[in-house]
Amino acid sequence: MKRRDFLATAPLAATALASPMLAARPASAEAHAMSGGQVPAVQRFAVGDITVTAIADGSLHIGPENLIGIEAPDYEELLTASFRDPATFPSAVNCFLIETGDQTIMVDAGTASAMGPSLGKMPQNLAAAGVEPGAVTKLLATHLHPDHVAGALGEDGAAFFPNAELAVHEADRAFWTGDFSGAPEMMQTFAGLAGNVLSAYGERLQIITGEDEVAPGITAMPLPGHTPGHTGYMISSGDASLLIWADIVHVAPVQLARPGVAIGFDVDPDQAVATRRETLDRVAADRLMVAGSHIGFPGLVNITADGEGYRMIPAHWDYSL
Ligand SMILES: [Zn+2]
């Protein structure tokens, strides 16, 4: 599907993103209600002296109709080969908390109520991690899409993290505050939300322009394409490092095997594909652990080359903490 077709037929607003097409709710969820549902999804990892905590926001289903460069039969084959159900495969939405000793930093904030009931769980999981929103000193946005920053706003529209500085790449700030009159309604909705987030944090704004050190041990890594200012964050302490790579993949079983597959939400799909190939090549060669916004919770994996593409090896439970 070409990008313009996608934008013409895609769900047109953030509320529409909660449509059954994207909702990931197993049919049998009611049958499990007696168990009280899932326990809080929070998992801590040591990166040298820095603690990184994966915080789940929930999940959404991204079907082949949302992707560019793959048809349904191939999508189904790749999911099935990964022992996943192509009809319901949940792409995670993860946020990450970074505790450095003197700073308490969030990377992204989830969706709040913008994308339906299968998402918006960051606040309860952050609470389970023992962190008050007011204790967060910095919010590092990977980009200004609603699945990453709608949760930066509370229900009242004010900053959910009242004391945090918002860090965002200048290219995303500039793009999303541009003129979207005449653009597809979905893009107008995205831009409206981005503008609201920027306004809520007001003067508390840190603009990223390159590989800037945004906090001690944390360096911004521009990964443009998905959005113009799409940015990963490299965490380094001693010999340990972890790259939070944000949206390098949205449907891991598909895009690891076939990195040339883009998503309709890419602002520049060709650049997004080039960035994905470059990043996969680098993290595989460097044996660098990555944390993905949309990799199954907790989202920490290593990447290794596999045939024409790559595969991922999940991180083990961190017994050192
Ligand atoms: Zn995303």
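This report describes a zinc site, a histidine beside it in the chain and two helices in a predicted model.

## The annotated domain

In an unreviewed entry, UniProt lists residues 92-294 as "domain: Metallo-beta-lactamase". Over this stretch the chain is 28% helix and 26% strand, and the C-alpha atoms at its two ends are 5 Å apart.

## The zinc site

The zinc ion has four protein donors, namely Asp147 and Asp247 through OD atoms and His148 and His294 through NE2 atoms, and these lie 2.1 to 2.2 Å from the ion. Along the sequence the donor residues follow the spacing D-H-x98-D-x46-H. Asp147 and His294 link distant parts of the chain, since Asp147 belongs to helix 4 (residues 146-149), while His294 sits 147 residues away in the loop between strand 14 (289-292) and strand 15 (300-306). Both of these residues, Asp147 and His294, are buried.

The angles among the 4 donor atoms run from 90 to 168°, and the site is classed as irregular. That class follows because four donors count as tetrahedral only if all angles lie between 85 and 135 degrees, and as square planar only if opposite donors are over 155 degrees apart and all others between 65 and 115.

## His143 and its surroundings

His143 is found in the loop between strand 6 (138-140) and helix 4. With a relative accessibility of 0%, His143 falls under the 20% limit and therefore counts as buried.

Two polar contacts involve the side chain of His143: one of 2.9 Å with the side chain of Thr142, and one of 3.3 Å with the side chain of His145. Leaving aside residues up to four places away in sequence, His143 touches Asp108, His148, Val149, Asp172, His226, Thr227, His230 and Asp247. Among these, His148 and Asp247 are also donors of the zinc ion.

## Helix 6

Helix 6 (residues 185-201) has 17 residues and spans 25 Å from its first C-alpha to its last, which is close to the 24 Å expected at 1.5 Å a residue. Its buried residues are Met186, Met187, Phe190, Ala191, Leu193, Ala194, Gly195, Val197, Leu198 and Tyr201. An α-helix has 3.6 residues a turn, so residues three or four places apart point the same way. After helix 6 comes Gly202, with a positive phi near 50°.

## Pro269 in helix 8

Pro269 is found in helix 8 (residues 269-286). Its relative accessible area is 16%, so Pro269 is buried. Pro269 and Phe160 stand 109 residues apart in sequence, and their C-alpha atoms are 31 Å apart in space.

Conventions: Residues are numbered from 1 along each chain as its sequence is written. This is a predicted model: local features need pLDDT of at least 70, side-chain atom pairs count only at pLDDT 80 or more; totals for chains, interfaces and linings use all residues. Side-chain values use heavy atoms; hydrogens and water are left out. UniProt positions are given in the numbering used here, feature names are shortened, and annotations may be inferred rather than shown by experiment. Helices (H or I, at least four residues) and strands (E, at least two) are DSSP runs, numbered from the N terminus. Donors are N, O and S atoms within 2.8 Å of the metal (3.2 Å for Na, K and Ca); water is not among the atoms, so sites may look incomplete. Four donors count as tetrahedral if all angles lie between 85 and 135 degrees; four count as square planar and six as octahedral if opposite donors are over 155 degrees apart and all others between 65 and 115; anything else is irregular. Buried means under 20% relative accessible area, exposed over 50%, partly exposed in between (1.4 Å probe, protein chains only). A polar contact is a pair of N or O atoms within 3.5 Å; within protein, one must be able to donate a hydrogen and the other to accept it, and residues adjacent in sequence count only if both atoms are side-chain atoms. Contact means heavy atoms within 4.5 Å. The expected span of a helix is 1.5 Å times one less than its number of residues.
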